[in-house]
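This report goes through selected local features of one protein model. Please have the sequence and the structure open while reading.

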Amino acid sequence: MKNKKKKDDTDGIVYELCFCLFGTALIHVLLAGVSRIHGAPTYVGREGLLAVRQTILLFLLSRICIMFAPLLCLLISGFVVHLFRHKKLRPSRKRLLTGLVLCLPMCLFAASHRNGFEVQCGQNGCRGFRSMQLLHLLSDVQKDLHEAEAPNVLTVSAERKYRYEQYRRSSRGHANRIKLTKYREDYLQFSGGADCTAQITHADYQRAAGICTFAEHQIALYPHSGFIQSFDGGALPELHDCETLFTLTYSYEDNMLRRTVHPREMQMRSLTLVEERCGEIVCQIAAEKTTEQWMDAGLNTRVWLEMLYEGQTVRVSNILEF
């Protein structure tokens with residue numbers, strides 16, 4: 001009888017250990033998948049702040065579940081064991097202590113796990129573990145949602161950027177070091193009025209595909225969290241900045257084609273005036289140092305300005321027909 005009881009206790013311990021390990025791993029995988037699948041449409045405006053708050057709360061809830069997953073699995077396994085043995089369920093102090101001890105390494109892992117807002121936390125100067133930084137950011141978001149403080153309005157040039165959070169998989173020698181990409185963060189970097197950044201979603205990043213560093217925009221930033229309240233007075237639109245850098249006009253009185261002057265045109269590369277007649281390009285004139293050009297009207301003439309930008313030739317003015 002003693003041997004049988006001892007064998008049953010051993011089988012129960014093995015079962016509970018396997019259940020705890022498998023359950024903890026399953027909870028971690030499922031919650032990691034949920035946090036990865038969740039993606040807000042925008043982080044701009046009040047709707048964006050609400051999406052940021054929801055994302056942060058979902059992340060913190062998943063971290064709490066991961067931290068206490070061993071304790072939860074031990075309690076569930078103990079309930080199942082007592083259920084099959086048809087014995088009265090009694091709380092076990094050893095079980096609780098064992099579960100809490102197993103939670104300690106999970107707490108360290110969850111506290112250092114990436115939170116998805118590293119860019120914004122770095123911009124705001126948040127310190128501590130990543131979960132602590134996220135709590136600080138959540139507090140700032142709550143202030144912006146409930147306080148009617150005026151935003152910081154800046155006239156700046158904007159550039160869309162992204163970065164990857166990477167984790168080292170192997171460190172056997174410098175040549176064999178492998179890094180595994182885990183998460184991508186998109187953001188806008190501003191320069192001109194102030195050098196700062198504001199995090200955006202991947203959908204915002206795609207909408208800003210036509211943004212040009214030579215164009216200036218009015219950006220209103222929330223005073224506490226630093227997210228974008230408005231971009232040129234509204235949401236982040238689909239931008240086509242390059243096509244609006246210059247404006248061409250034509251005067252029939254003196255047959256002169258004139259263009260506007262851009263304050264940063266000295267930094268532009270290969271600024272060229274393109275002339276098209278009857279559907280064929282007849283000439284390309286360097287336009288870096290001239291704002292006027294004599295041209296005869298007629299013959300279905302079309303002209304526009306082009307420049308070299310990020311390795312591509314792009315149109316930087318309206319298309320004028322005369």
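In which loop is the place of Asn-255? The model is a predicted one, and in it Asn-255 sits in the loop between strand S6 (248-251) and strand S7.

**Backbone at two asparagines**

The phi of Asn-255 is near 55°, a positive value in a residue other than glycine. Most residues other than glycine have a negative phi. Asn-255 has a relative accessibility of 17% and therefore counts as buried, the limit being under 20%. A second asparagine, Asn-300, also has a positive phi, of about 50°, although it is not a glycine. Asn-300 belongs to the loop between S10 and strand S11 (301-309). At 59% relative accessibility Asn-300 counts as exposed, because the cut-off for that class is over 50%.

**Salt bridges**

Side chains of opposite charge can pair when their charged atoms come close. Over the whole structure, 10 salt bridges are found. Three pairs are set out here.

| Pair | Closest N and O atoms | Relative accessibility of the acid | Relative accessibility of the arginine |
|---|---|---|---|
| Glu-185 and Arg-163 | 3.2 Å | Glu-185, 1% | Arg-163, 33% |
| Asp-186 and Arg-184 | 2.9 Å | Asp-186, 4% | Arg-184, 25% |
| Glu-243 and Arg-315 | 3.4 Å | Glu-243, 36% | Arg-315, 26% |

Take the pair of Glu-185 and Arg-163, whose closest N and O atoms are 3.2 Å apart. Glu-185 lies in strand S2 (residues 178-191) and Arg-163 in strand S1 (residues 152-170), so this salt bridge ties together parts that are 22 residues apart in sequence. Glu-185 is buried at 1%, whereas Arg-163 counts as partly exposed at 33%.

Arg-184 forms a salt bridge with Asp-186. Here Asp-186 is buried, with a relative accessible area of 4%, and Arg-184 is partly exposed.

In the third pair, Glu-243 forms a salt bridge with Arg-315. Glu-243 lies in the loop between strand S5 (228-231) and S6, and Arg-315 in strand S12 (residues 312-315), so the pair ties together parts that are 72 residues apart in sequence. Glu-243 is partly exposed, and Arg-315 is partly exposed as well.

Salt bridges also link Asp-254, Arg-258 and Glu-292 in a network.

**Internal cavity**

How many cavities of 30 Å³ or more does the count come to? The count comes to one. The volume of the largest cavity is about 90 Å³. Its lining is made by 13 residues, and those nearest its centre are Arg-259, Leu-273, Ala-287, Thr-290 and Gln-293.

By class, seven of the lining residues are nonpolar, three are polar and three are charged. Strands S7 (256-259), S9 (280-286) and S10 (292-294) each supply at least two residues of this lining. The largest share, three residues, comes from S7.

**Nonpolar surface patch**

Which residues make the nonpolar surface patch of about 360 Å²? The patch is made by Ile-64, Phe-68, Leu-97 and Leu-100. Leu-100 is part of helix H4 (residues 93-112). With a relative accessible area of 43%, Leu-100 is partly exposed. That value lies over the 30% needed for a residue to count towards a patch, so Leu-100 can be included.

Note on methods
Residues numbered from 1 in each chain as written. Predicted model: local features only at pLDDT ≥ 70, side-chain atom pairs only at ≥ 80, totals over all residues. Heavy atoms only, no water. Patch = residues over 30% accessible without salt bridge, like charges linked within 9 Å, V, L, I, M, F, W, Y side chains within 5 Å. Areas by Shrake-Rupley, 256 points an atom, 1.4 Å probe, with all protein chains shown as cover. Salt bridge = Lys/Arg side-chain N within 4 Å of Asp/Glu carboxyl O. Helix = DSSP H or I, 4+ residues; strand = E, 2+ residues; numbered from the N terminus. Buried < 20%, exposed > 50% of the residue type's maximum accessible area, 1.4 Å probe, protein only. 1 Å grid on protein atoms, 1.4 Å probe; cavity = no way out; pocket = protein on both sides within 12 Å on 5 of 7 lines; lining within 4 Å. Points joined across faces, edges and corners; volume = space filled by probe spheres on them. Nonpolar A, V, L, I, M, F, W, Y, C, P; charged D, E, K, R; others polar.
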